[in-house]
Amino acid sequence: MNPHASQPTSLMALARSLWRNRQLIVQMTRREVAGRYKGSVLGLAWSFFNPVFMLVVYTFVFSEIFKSRWGGVGGDESKTQFAVILFVGMIVMSLFTEVLNRAPGLIISNVNYVKKVVFPIEILPVIAMGAALFHSLISLGVLLAAFALFNGYLHWTVIFAPLVVLPLVILTLGFGWMLASLGVFLRDVGQTIAIITTVLMFLTPIFYPITAVPERFRPFIMANPLTFIIEQAREVLIWGHLPNWMGLGIYTLVATVIAWAGYAWFQKTRKGFADVL
């Protein structure tokens, strides 16, 4: 394969690439997850203990020290409710930021795949997403177990959680392809994205309800791509409500367009990777 040759940019080409390389994606995702804990005593068990530890810390700090209450959920809000609600936002935020923070270095850290072997480098962001989804799934399991422990039940609407997160996965992949390409030509992208994701965490209703934001600032918070997904995740996981299907449909459509644009940008610019690296 000529690394300088033009590559297909259509959505059909993307779908064919993902299907054709599905086994490779699964294998490399497993290696990515296992490699993160390689050499540690507990190994893969850390992927379970990390969210458990964080949830315990959130519960203690916000329910016992700050005595925080989310508000707007009636007088029966438990002391641990704030921590559980916050944890939902952190799971979504972690999925988004893990991929974005890694994306600028994906090509740089895999130079051999660009120069020496025939490798579908367009799947690298997909592999990063797969690893992030694995950790998010473990965190979701911890969240559901904690919710059931604290409340004695689970809402049946939890079955819609994958459908709520799917649009964000599509959107994040689009950003991932774009940042992976930009990271090759502009090495400052990695540091910039780290700052942006940190700022974004505080401009997302993770630690506070959207109703706590002054009216004049709410349009800016709602424009945050994470806000809608986090709110919908809380609807199905915490409050037991059905998701906003219309909103999810529009979000998915926009996310698909952005994912295609990111993939097209990656394919158009990849012929310059070998020269820069």
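Here is a short conversation about the fold and core of this predicted model.

Reader: What makes the protein chain as compact as a globular protein of its length?

Author: Good place to begin! The chain has 12 helices and 0 strands. Its radius of gyration is 20 Å, and the globule rule gives 19 Å for 277 residues; the two are close, so the chain is as compact as a globular protein of that length. Along the principal axes, the C-alpha trace spans about 65 × 50 × 35 Å.

Reader: How do you know what share of the protein chain counts as buried?

Author: A residue is called buried when its relative accessible area is under 20%. Of the 277 residues, 45% count as buried.

Reader: Which residues touch the most other members of the largest nonpolar core?

Author: That core has 71 residues, and the ones touching the most other members are I107, L168, L226, I229 and L237. Helix α4, residues 81-102, gives the most to this core, with 15 residues.

Reader: What is L237 in contact with, leaving aside its neighbours within four places in sequence?

Author: Contact asks for heavy atoms within 4.5 Å. By that test, the partners of L237 include V88, L140, L143, L144 and F147, along with H155, V158 and A161.

Reader: And how many of the contacts between residues at least 6 apart in sequence join residues at least 24 apart?

Author: For the protein chain, that comes to 79%.

Reader: What about the surface and the charges of the protein chain?

Author: The accessible surface is about 14200 Å², with 69% of it belonging to carbon and sulfur atoms. There are 20 positive and 11 negative charges, and their mean positions lie 12 Å apart.

Key. Residues are numbered from 1 along each chain as its sequence is written. This is a predicted model: local features need pLDDT of at least 70, side-chain atom pairs count only at pLDDT 80 or more; totals for chains, interfaces and linings use all residues. Side-chain values use heavy atoms; hydrogens and water are left out. Helices (H or I, at least four residues) and strands (E, at least two) are DSSP runs, numbered from the N terminus. The radius of gyration is taken over C-alpha atoms; the globule rule is 2.2 Å times the number of residues to the power 0.38. Buried means under 20% relative accessible area, exposed over 50%, partly exposed in between (1.4 Å probe, protein chains only). Accessible areas come from the Shrake-Rupley method with a 1.4 Å probe; for residues, only the protein chains shown count as cover. Lys and Arg count as positive and Asp and Glu as negative; His and the chain ends are not counted. The place of a charge is taken as NZ of Lys, CZ of Arg, CG of Asp or CD of Glu. A nonpolar core is a set of buried Ala, Val, Leu, Ile, Met, Phe, Trp, Tyr and Cys residues joined through side-chain atoms within 4.5 Å.
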